[in-house]
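Walk through this fold with the model open beside the text. The route goes from paired strands to packed cores, then to aromatic rings and one buried acid.

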Amino acid sequence: MSSLPDWMRPPRPEGWRADDLDHLPEAPRHTELIDGALVFRLLPQRLWHSHVSSELTSALTKQAPPGFEVAREMTLRLDEHNRPEPDLLVTTAAFEPNRTWFAPKEIRLAAEVTSPESAHRDRTVKLRKYAEAGIPHYWLVEDENGTPVVHVYELDEPTRQCAPVGVFRDELKLPLPFEITLDLGALALDARG
């Protein structure tokens with residue numbers, strides 16, 4: 001039986017807090033905090049996931065109007081015990097080079113590209129937590145035989161729940177959070193190299 005390294009032990013009985021992530025240099029990259037528990041990426045990232053995330057980031061960056069920025073590998077401080085890391089996000093926050101997280105009020109879109117190990121969290125836990133935090137748009141990008149399929153959700157403000165907007169397979173065309181048109185087939189081709 002092996003014991004946990006000291007850095008993996010929560011500093012308090014109720015678990016980790018959002019700010020603790022900034023003081024864990026031993027933690028692997030992409031460590032998230034969900035309900036006070038550290039969540040690690042256990043499996044290597046698939047090349048498809050990496051390519052689709054990059055191509056989607058590039059396409060959104062080209063279409064983003066002034067005042068909107070697209071970022072990857074940044075956490076969202078939803079509350080004291082939740083700091084997930086979406087695969088990409090769209091923010092209206094001013095650029096601050098030393099920041100390590102964004103607040104929900106600064107986010108217009110959070111997007112997750114599902115992987116086998118994260119699919120349940122992306123489809124249920126993060127969908128609910130992003131809505132409860134007030135993030136207005138959520139995309140769930142799934143792999144359908146090598147082609148990205150985007151499930152689009154929008155925040156229903158009165159209930160603080162995500163309402164499905166649609167499932168997009170060939171082309172995604174949306175007016176919010178800004179005018180977006182994506183050729184999903186081209187993203188797939190670009191993802192295959």
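Two strands count as paired when DSSP finds at least two bridges between them. The model is predicted. Start with β9 and strand β10 (residues 161-168), which run antiparallel and are joined by seven bridges. Within this pair, His 151 stands opposite Val 167 in β10. The hairpin of β9 and β10 has four residues between the strands. Look there for Arg 160, which takes a positive phi near 55 degrees.

Next comes another antiparallel pair. Four bridges hold strand β11 (residues 171-174) to β12. The hairpin that connects β11 to β12 passes through five residues. Across the pair, Lys 173 faces Thr 181 in β12, the two standing opposite each other. Strand β12 (residues 180-183) has two distinct faces: Ile 180 and Leu 182 make up the covered one, while Thr 181 and Asp 183 make up the uncovered one.

Leu 182 leads into the interior. The largest nonpolar core has 25 residues, and Leu 182 is among those that touch the most other members, along with Leu 56, Leu 60, Trp 139 and Leu 172. Which elements give two or more residues to this core? They are α1 (47-63), β5, β7 (107-113), β8, β9, β11, β12 and α3 (184-192). Helix α1 gives the most, with five residues. Now centre the view on Leu 56. Beyond residues up to four places away in sequence, Leu 56 touches Leu 88, Trp 139, Val 141, Leu 182 and Leu 187. Apart from this core lies another, of 18 residues. Its members include Ile 107, Ile 135, Tyr 153 and Leu 155.

Tyr 153 opens the way to the aromatic rings. The whole structure holds four aromatic pairs. One of them is Tyr 138 with Tyr 153, a tilted pair at 6.1 Å centre to centre, with 40 degrees between the planes. The pair links distant parts of the chain, with Tyr 138 in strand β8 (residues 137-144) and Tyr 153 in strand β9 (residues 147-156), 15 residues apart. Are these two tyrosines buried or exposed? Tyr 138 counts as buried because its relative accessible area is 1%, under the 20% cut-off. Tyr 153 is buried too, at 16%. Ring pairs also bring in Tyr 130, so that Tyr 130, Tyr 138 and Tyr 153 are linked into a cluster. Elsewhere, a charge meets a ring: Arg 77 lies over the face of Trp 101, at 5.7 Å from the ring centre.

Tyr 130 points on to the last stop, since it is one of the residues in contact with Glu 85. Glu 85 is found in the loop between β4 (75-76) and β5 (88-91). Is this loop residue buried or exposed? Glu 85 is buried, because its relative accessible area is 13%. Leaving aside neighbours within four places in sequence, its other contacts are His 30, Glu 32, Glu 73, Met 74, Thr 75, Glu 112 and Lys 126. Take His 30 in particular. A polar contact of 2.5 Å joins the side chains of Glu 85 and His 30. The two residues are 55 apart in sequence, yet their C-alpha atoms are 6.9 Å apart in space.

Key: Residues numbered from 1 in each chain as written. Predicted model: local features only at pLDDT ≥ 70, side-chain atom pairs only at ≥ 80, totals over all residues. Heavy atoms only, no water. Buried < 20%, exposed > 50% of the residue type's maximum accessible area, 1.4 Å probe, protein only. Contact = heavy atoms within 4.5 Å. Polar contact = N/O pair within 3.5 Å; in protein donor to acceptor, adjacent residues only side chain to side chain. Phe/Tyr/Trp six-rings, centres within 6.5 Å; stacked < 30°, edge-to-face > 60°. Lys NZ or Arg CZ within 6 Å of the ring centre and 35° of its normal. Core = buried A, V, L, I, M, F, W, Y, C linked by side-chain atoms within 4.5 Å.
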